[in-house]
Amino acid sequence: MKQIFVIFCFNRLKFVSNRWVTKQTGILPYSNTRPRDELAQLVIGVRGRMVIKMRIVPIKSINKYSDKSLISLAEDEYHSEIMVAVDGILNNCADKPIILISGPSGSGKTGTSLRIKDELIKKGMGAYVLSLDDYFHPLGQNESTDLESPNRLDIPLLSNHLEKILNFEEIIVPSFDFKNQVRKEGRLLKRGREELVIFEGIHALNPEITGTIGAGTTTKIYVSVRTRLQKADNALLHPSKIRLMRRLVRDKLFRGRELYETFSHYDSVERGERLYIMPYKKLADYDIDTFMAYETSVYKHFLLNNLKTVNIEAAEELTAFLSELNDIEASNIPGFSLIREFIGGHDLM
């Protein structure tokens with residue numbers, strides 16, 4: 001069994017040579033059989049009264065695998081986390097027919113929602129996925145100009161639909177046209193006795209948005225990247241930067257945006273996450289790390305050359321990490337993969 005070290009640090013944390021060290025450091029062996037630890041180092045430290053827990057994957061560990069083996073390992077790890085949530089949902093489906101999935105931008109909410117739906121159906125449970133984005137007020141009619149604010153949502157309409165879904169009543173699901181910033185009427189939906197409804201969106205765990213129906217009727221899931229990449233010089237890439245890479249690829253391929261445009265929105269998006277998303281992740285029943293060990297190797301093909309032309313610090317940081325990675329062709333990625341949410345070709349969408 002592989003040993004991972006849990007390191008308790010009582011002064012300021014510092015990362016040196018694959019170990020957290022301080023003047024006072026106690027090192028204890030930590031055994032963990034979870035599949036995600038085959039590639040990673042689990043590091044736990046203490047700073048003041050706060051426990052710091054990080055999962056770190058060195059790029060050298062990623063590069064040593066063949067493309068096929070790395071993809072298989074990463075997909076198996078993600079699948080195992082999905083199935084923990086699916087089993088919990090099924091165990092409580094009679095009392096909790098609504099699943100709420102939240103996470104910051106680029107976290108993989110849509111892909112995770114579709115994967116959970118697919119696994120529920122395989123187990124004989126009907127399921128629907130609805131996006132909270134379709135409940136947006138048309139821009140210009142809403143008081144808030146903050147695009148990340150929960151005030152962009154039509155909360156009365158959403159609350160009404162949640163109640164009707166619980167009571168097996170029919171609703172007309174809205175459909176938001178982002179290009180023209182208008183909301184239209186969409187399909188009819190009426191939940192059956194053996195069916196569940198999944199709502200996904202950045203505000204799904206906010207009690208002001210979805211709390212009107214009570215905690216006892218919902219299963220709550222928080223998804224995000226929770227893993228850091230480590231370069232050869234021990235520099236770490238924050239999980240938010242991996243989500244940024246996902247957005248850069250998606251915006252470039254499907255939204256016609258130049259990289260600098262996506263970078264220009266980064267601070268605003270991060271502010272919205274701190275204000276409107278992070279405070280509620282503690283309410284989640286399940287926490288899914290959507291990091292895929294092979295994903296940045298795929299993004300390298302789409303981003304590296306363009307990043308070299310963007311003269312800002314964040315672009316330089318991403319360039320340094322991507323430059324150390326081996327390439328993986330997008331054609332090698334299975335159609336059901338979460339990463340297809342960002343590079344296209346998703347079988348479930």
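Q: In β11 of this predicted model, which residue is the bridge partner of Gly 126?
A: Gly 126 falls within strand β8, which covers residues 126–131 and is an edge strand of the open sheet. Strand β8 pairs with β11, residues 195–200, in the parallel sense over 6 bridges. In that pairing, the residue of β11 that is bridged to Gly 126 is Glu 195.

Q: What is the order of the strands in the open sheet of 5 strands with parallel pairing?
A: The edge strands are β8 and β15 (286–289), each of which pairs on one side only. From one strand to the next the twist averages 20°. Read across the sheet, the order is β8-β11-β7-β12-β15.

Q: At about what angle to β11 does helix α3 run?
A: Helix α3, residues 109–122, lies across β7 (98–102), β8, β11, β12 (218–224) and β15. Its buried residues include Leu 114, Ile 116 and Leu 120, and also Lys 109, Arg 115 and Glu 119. Relative to β11, the helix runs at about 170°.

Q: How far apart are the end C-alpha atoms of α3?
A: Helix α3 has 14 residues, and at 1.5 Å a residue these should span 20 Å. The helix is followed by Gly 124, which has a positive phi near 90°. The separation of the end C-alpha atoms agrees with the expected span, being 20 Å.

Q: Does Arg 243 count as buried or exposed?
A: Arg 243 is placed in helix α6, residues 239–254. Leaving aside neighbours within four places in sequence, Arg 243 is in contact with Pro 104, Ser 105, Gly 106, Ser 107, Ser 224, Val 225, Glu 270 and Glu 273. Since buried means under 20% relative accessible area, a relative accessibility of 3% means that Arg 243 counts as buried.

Q: Which residue's side chain is joined to that of Arg 243 by a polar contact of 3.0 Å?
A: The contacts of Arg 243 beyond its neighbours within four places in sequence include two glutamates, Glu 270 and Glu 273. The polar contact of 3.0 Å joins the side chain of Arg 243 to that of Glu 273.

Q: Which residue of β14 is the bridge partner of Gln 230?
A: Gln 230 belongs to strand β13 (residues 227–230), which is covered on both faces, with Thr 227 and Leu 229 buried on one side and Arg 228 and Gln 230 buried on the other. Strands β13 and β14 (residues 236–237) run antiparallel and are joined by 2 bridges. They form a hairpin with 5 residues between them, and Asn 234 in the turn has a positive phi of about 75°. Across this hairpin, the partner of Gln 230 is Leu 236.

Q: At which residue does α9 bend by about 55°?
A: Helix α9, residues 295–307, reaches 17 Å from its first C-alpha to its last, close to the 18 Å expected for its 13 residues at 1.5 Å a residue. The bend of about 55° is located at His 301.

Q: How many of the 13 residues of α9 are buried?
A: The buried residues of α9 include Tyr 299, Phe 302, Leu 303, Leu 304 and Leu 307. Its buried residues pack against α1 (59–63), β13, α6, α7 (259–264), α10 (313–324) and α11 (340–343). The helix is therefore largely enclosed by the rest of the structure, and the number of its residues that are buried is 10.

Q: What percentage of the 349 residues in the chain is buried?
A: The chain contains 11 helices and 15 strands. Among its contacts between residues at least 6 apart in sequence, 72% join residues at least 24 apart. Of the 349 residues, the buried share is 53%.

Methods. Residues are numbered from 1 along each chain as its sequence is written. This is a predicted model: local features need pLDDT of at least 70, side-chain atom pairs count only at pLDDT 80 or more; totals for chains, interfaces and linings use all residues. Side-chain values use heavy atoms; hydrogens and water are left out. Two strands pair if DSSP finds at least two bridges between them. Helices (H or I, at least four residues) and strands (E, at least two) are DSSP runs, numbered from the N terminus. Axes are lines fitted to C-alpha atoms, for helices over the stretch in contact, and angles run from 0 to 180 degrees between N-to-C directions. Contact means heavy atoms within 4.5 Å. Buried means under 20% relative accessible area, exposed over 50%, partly exposed in between (1.4 Å probe, protein chains only). A polar contact is a pair of N or O atoms within 3.5 Å; within protein, one must be able to donate a hydrogen and the other to accept it, and residues adjacent in sequence count only if both atoms are side-chain atoms. The expected span of a helix is 1.5 Å times one less than its number of residues. The bend at a residue is the angle between axes fitted to the seven residues ending there and the seven starting there.
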